[in-house]
Amino acid sequence: MQSMRVSLIIAAGGSGSRFQKGMNGHKPFRACPSKLFYSLQDEPLLIHTLNAFQKISQIAETIVAIPQEAEPHMRAWAAKHKWKNVRWVRGGKTRAESVLNALKKSDDRSPWILVQDGARPFVPVEKVKELFRQANGKTDGVILAHRVVPTIKQVASSGEIEKTIDRRLLVEAETPQLVRRSVLEKAYEENPNALEATDESALLEAMGAKVKVLTHEEWNPKITTVKDMQLAQAYMELKSGSETRMGLGKDTHRLVTGRKLYLGGILIPFEKGALGHSDGDALMHAVIDAILGAIGAGDIGEHFSDQDRKFKNMRSEKMLKAVLKEASEKGWKPVQVDTVILLEKPRLGNYKKWIRLNLAKFLNLEEDRISIKAKTAEGLGPEGEGLSLTCEALVSMKRVSL
Ligand code: MG
């Protein structure tokens with residue numbers, strides 16, 4: 001196929017208030033109101049949709065129509081996912097208005113516009129490429145569709161069946177929909193009811209343009225209800241495998257004067273600190289060992305030898321980062337961390353929340369997936385006598401799709 005330049009528009013401007021009510025108090029990601037910002041395997045639904053298109057080379061740019069509340073977060077997501085040429089515009093009152101807002105901001109060097117519902121995260125990428133192959137001089141649009149399987153009845157207002165529709169003639173329209181830019185622009189200009197259209201092909205049909213359907217059998221649902229969201233979650237787990245692993249870590253350091261006391265990357269003011277080759281952060285070391293344990297990759301000493309000068313006084317965050325990278329390359333990510341800090345003095349009280357926040361940041365986890373428990377040893381043993389501190393960590397890891 002010769003090169004084809006396409007601008008992708010993702011319609012994600014809706015408010016989804018009906019959906020929110022159904023979520024029974026589950027909060028969407030950072031107070032964005034729409035279902036598109038609820039988490040599906042730790043990422044907002046919309047992010048899955050966006051990511052699916054990133055590997056399609058014909059897509060020269062992506063313009064997402066989003067509600068105002070989501071705008072501050074898009075920049076962070078774009079950086080995190082290293083999206084190229086993704087921009088966003090304010091969503092409209094209707095889906096068609098959102099698409100129009102995006103269309104106006106799109107690069108007119110793209111003769112084709114691909115429109116996608118933000119709420120369809122399981123983009124059948126191979127079928128999208130097939131859409132591109134089928135777009136040629138003889139057509140103004142090609143859309144993905146499903147053949148209608150159920151028996152469809154036409155019913156009168158009295159409730160009586162008037163007739164059974166021949167289902168061989170019916171398809172259910174989905175997205176993405178690939179449409180010729182010039183025809184779509186003309187439809188918006190000339191059709192007074194354009195902003196009410198529920199998909200792009202309806203706009204093109206109304207003008208007598210030629211739109212083909214590409215039927216397929218992949219699962220490409222539009223997530224509309226809470227039940228859909230639950231099914232989508234189960235489907236993702238099925239696809240990525242739900243294998244979970246546990247890892248255990250434990251670390252003890254002597255407490256001496258003239259050293260700093262770091263726990264989970266937080267500097268704790270105290271007259272003594274942890275003796276060690278690196279920064280002596282026993283909690284970080286326990287977490288690192290637990291991660292290494294879960295992925296069967298040895299222990300911290302094998303990765304960061306205390307005989308190696310380059311690790312001298314090294315901050316443990318760097319080691320944690322390296323270990324997380326190794327885990328991710330092997331297809332694993334932490335999903336929950338539980339820890340115990342055994343330390344007689346000082347009392348950690350207020351610091352626990354900072355330690356938790358810091359670990360949540362480094363592990364890229366929600367705070368409620370991290371637990372920090374601080375205990376004394378009741379004056380018993382070396383910890384009890386204030387000679388040392390010991391930390392333990394239990395980490396659960398989940399396989400992620402590569
Ligand atoms: Mg250590």
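## Helix 5 and its buried side

Helix 5 (residues 125-134) has these buried residues: Val128, Leu131 and Phe132. They cover an arc of only 95° around the axis, so they sit on the same side of helix 5. This is a predicted model. In general, an α-helix has 3.6 residues a turn, so residues three or four places apart point the same way.

What do the buried residues of helix 5 pack against? Their partners are strands: strand 1 (6-11), strand 4 (59-66), strand 6 (112-117), strand 7 (141-147), strand 10 and strand 11 (211-215). Two of these, strand 7 and strand 10, are taken up next.

## Strand 7 and its partners

Is strand 7 largely enclosed or open? Five of its seven residues are buried, so the rest of the structure largely encloses strand 7.

Strand 7 pairs with strand 10 in the antiparallel sense, over six bridges. Gly141 has Val179 of strand 10 as its bridge partner. Strand 7 also pairs with strand 11, here in the parallel sense and over five bridges. In that pairing, Leu144 stands opposite Leu214 of strand 11. Strands of a sheet pair through backbone hydrogen bonds, either parallel or antiparallel.

## Thr175 in strand 10

Strand 10 covers residues 171-180, and Thr175 lies in it. Is Thr175 buried or exposed? Its relative accessibility is 2%, so Thr175 counts as buried; the cut-off for buried is under 20%.

The side chain of Thr175 has polar partners. It makes a polar contact with the side chain of Gln116, at 3.1 Å. A polar atom of the Thr175 side chain also lies 3.0 Å from the backbone nitrogen of Asp117. Beyond neighbours within four places in sequence, Thr175 is in contact with Arg95, Val115, Gln116, Asp117, Arg120, Leu144 and Asn220. Leu144 appeared above, as the residue opposite Leu214.

## The magnesium site

Which residues coordinate the magnesium ion? Asp251 does so through OD, His253 through NE2 and His285 through ND1, at 2.1 to 2.2 Å. Along the chain, these donors follow the spacing D-x1-H-x31-H. His253 lies in strand 12 (residues 244-257) and His285 in helix 9 (residues 282-294), so the pair ties together parts that are 32 residues apart in sequence.

Both histidines are low in accessibility. His253 counts as buried because its relative accessibility is 10%. His285 is buried too, with a relative accessible area of 6%.

## The five-stranded sheet

Strand 12, which holds His253, is part of an open sheet of five strands. The order of the strands is 15-12-18-16-17, and the pairing is mixed. Which strands lie at the edges? They are strand 15 (272-274) and strand 17 (370-375), each of which pairs on one side only. Direction ignored, neighbouring strands of this sheet are turned by 25° against each other on average.

Strand 12 and strand 15 run antiparallel and are joined by three bridges. Thr257 stands opposite Lys272 of strand 15. A helix also packs on this sheet: helix 12 (residues 351-363) touches strand 16 (332-342) and strand 17. The direction of helix 12 makes about 145° with that of strand 17.

Technical notes
Residues numbered from 1 in each chain as written. Predicted model: local features only at pLDDT ≥ 70, side-chain atom pairs only at ≥ 80, totals over all residues. Heavy atoms only, no water. Donors = N, O, S within 2.8 Å, 3.2 Å for Na, K, Ca; no water. Helix = DSSP H or I, 4+ residues; strand = E, 2+ residues; numbered from the N terminus. Buried < 20%, exposed > 50% of the residue type's maximum accessible area, 1.4 Å probe, protein only. Polar contact = N/O pair within 3.5 Å; in protein donor to acceptor, adjacent residues only side chain to side chain. Contact = heavy atoms within 4.5 Å. Pairing = 2+ DSSP bridges. Axes fitted to C-alpha atoms, helices over the stretch in contact; angles between N-to-C directions. Arc of directions from axis to C-beta.
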